[in-house]
Amino acid sequence: MDLQLVTLVCVSILTFFILKLLYNQIQNSTNLPPGPRPYPIIGNILELGTNPHIALTKLSKIYGPIMTLKLGSMTTIVISSPQLAKQVLQEHSQIFSSRKVPHAAQIFDNHKFSIVWLPPSAKWRKLRKACATRVFSPQVLDSTKVLRHQKLKELLDFVKEKSIKGEVLDLGEAIFSTVLNSISNTFFSMDLSHSTSDEKSREFKNIIESCMEDGGKPNVADFFPILRPIDPQGFQARTTNYFVKLAKIVDGIIECRMCSRDDSKVSNDVLDSLLTEVEGTSSQLSRKEIMHVFLDLFVAGIDTTSTTLEWAMAELLHNPEKLAKVKEELCETIDEDETLEEQHISKFPYLQAVVKETLRLHPPAPFLVPHKCDEVVNISGFQVPKDAQILVNVWAMGRDPTIWVNPNMFEPERFLESEINFKGHNFELIPFGAGKRICPGLPFAQRSVCLIVASLVHNFDWKLADGLITENMNMMEHFGLTLKRVETLRVQAILA
Ligand code: HEM
């Protein structure tokens with residue numbers, strides 16, 4: 001080995017140890033929560049693996065319910081207990097309600113208009129208020145439910161047709177289209193996922209699916225902001241492309257509606273209600289803001305809701321005795337030829353327990369949407385630094401054996417005698433988050449998930465396709481923007 005090479009190796013080893021020493025000193029002096037030792041430069045990135053929710057749950061068993069990870073240059077604090085989640089999301093909500101905005105979300109200054117990424121500013125409150133009053137209030141949901149019932153009927157007709165032909169169906173795919181159309185009809189009274197022959201709707205569906213796929217992949221530009229200008233994985237470029245296309249479609253729909261309103265045509269949907277507000281003299285909303293609200297709601301609502309539905313059906317097929325109990329509850333309460341509607345849901349406690357149990361085991365957003373710490377604060381005796389990313393590991397809390405008996409089993413019965421719900425008050429079950437940033441779409445999701453599961457169970461008997469038996473079902477999750485099933489849910493429906 002020549003002298004230059006030996007010098008280089010020695011200098012590298014020395015630099016490695018100096019950096020590590022420096023990091024440890026900084027960590028000790030700032031009293032950060034404990035965590036695995038980071039490597040120089042990359043930090044703990046390699047520890048995340050392909051299923052970060054599982055990796056971080058294992059690490060929290062070693063380092064405790066509040067721990068520090070260094071993801072590249074980003075300090076990340078992981079919270080894994082209901083007590084600490086309550087401190088972060090409720091008691092210190094003033095400090096923890098901002099977002100760590102991913103690089104890809106910053107195209108066209110989208111983060112300055114988006115409910116998902118805005119800090120809890122006056123603008124964010126205005127958009128949340130518009131959602132609460134014009135989209136998700138009980139009155140609006142009641143007045144738009146006829147549009148969703150129609151989409152459900154189409155799903156049931158589709159499944160019936162498949163069942164008569166004895167054909168196998170990909171239930172996840174059918175559910176995805178139904179949820180997409182339920183949301184698009186609630187907003188615009190139109191389908192955005194038609195048959196594959198419709199160019200525009202096929203494009204819309206493809207874009208949403210690509211957004212979901214890309215959104216779930218780690219972007220090194222988030223871990224090393226210095227790399228942002230070169231966009232090494234091309235995220236920025238792809239997101240720009242999706243955004244431009246989605247914005248064009250949604251803006252076109254708004255434009256078209258504004259013209260038809262001039263002809264005094266009235267639709268009883270969310271877009272109409274928002275445009276009425278825009279035209280009002282005291283309007284606070286602009287057309288651009290309306291477009292952003294719709295984009296946010298589509299991206300945040302479709303995959304979360306359809307993934308939950310697919311998991312609920314998968315768990316019921318995996319546990320036939322629970323499926324039978326749901327059926328029994330429905331048969332006892334509803335006449336055979338009666339059509340199920342959203343207002344019936346409150347009559348089905350077991351079905352509601354099934355949905356809670358599904359969200360306990362498979363929260364679509366296992367770390368919520370990352371929060372950010374706005375100032376140095378003491379949590380549980382440790383200092384959480386300003387600008388740290390905060391991940392609340394709801395997946396870990398849902399599987400914690402100190403909270404739940406048989407945590408890995410699907411046992412809806414656990415909720416029958418319990419007051420626990422997912423509305424942000426019981427911190428052991430917060431799949432929708434809690435506090436200021438709690439999901440605004442919760443009322444929509446609750447109605448849709450309960451009604452679609454109930455209707456699929458009530459109208460059909462179900463059998464796994466391809467000769468698969470329940471014991472051999474693959475119930476593994478795949479980490480992405482939402483926690484999806486590793487295997488598609490291929491089933492055969494039999495008319496009940
Ligand atoms: C089962 C279905 C759903 C689940 C589990 C879910 C879960 C979540 C979670 C965990 C968050 C982040 C909370 C936090 O950061 O603390 C969130 C935020 C959000 N969700 Fe949902 N969601 C669902 C359905 C929906 C639907 C149907 C819509 C709209 C149509 C929607 C719109 C939003 C929006 C706009 C935000 C951002 C709120 C903010 O940052 O202020 N979600 N959701």
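Let me begin at the ligand, where a polar side-chain atom of Trp124 lies 3.0 Å from an oxygen atom of the ligand, and let me say straight away that what we are looking at is a predicted model. Arg437 also places a polar side-chain atom by an oxygen atom of the ligand, here at 2.8 Å, and for Arg99 the spacing between an N or O atom of the side chain and a ligand oxygen is 2.7 Å.

Now to the wider shell. There are 26 residues around the ligand, and those that come nearest are Arg99, Arg128, His371, Arg437 and Cys439. Sorted by class, the shell holds 16 nonpolar, 7 polar and 3 charged residues.

Which helices each supply at least two residues of that shell? They are helix H5, spanning 122-134, helix H12, spanning 287-318, and H16, and of the contributors it is H12 that gives the most, with 6 residues.

H16 brings me to my last topic, the packing of two helices. Such a pair is described by the angle between the two axes and the distance between them. For helix H13, residues 320-333, and helix H16, residues 442-459, the axes come within 9 Å and cross at roughly 90°, which means that H13 is roughly perpendicular to H16. On the H13 side the residues in contact are Leu323, Val326, Lys327 and Leu330, and they meet Ala454, Val457 and His458 of H16. Counted by class, this contact has 5 nonpolar residues, along with 1 polar and 1 charged.

Key. Residues numbered from 1 in each chain as written. Predicted model: local features only at pLDDT ≥ 70, side-chain atom pairs only at ≥ 80, totals over all residues. Heavy atoms only, no water. Axes fitted to C-alpha atoms, helices over the stretch in contact; angles between N-to-C directions. Helix = DSSP H or I, 4+ residues; strand = E, 2+ residues; numbered from the N terminus. Parallel < 35°, antiparallel > 145°, perpendicular 65-115°, else oblique. Contact = heavy atoms within 4.5 Å. Nonpolar A, V, L, I, M, F, W, Y, C, P; charged D, E, K, R; others polar. Near = heavy atom within 4 Å. Polar contact = N/O pair within 3.5 Å; in protein donor to acceptor, adjacent residues only side chain to side chain.
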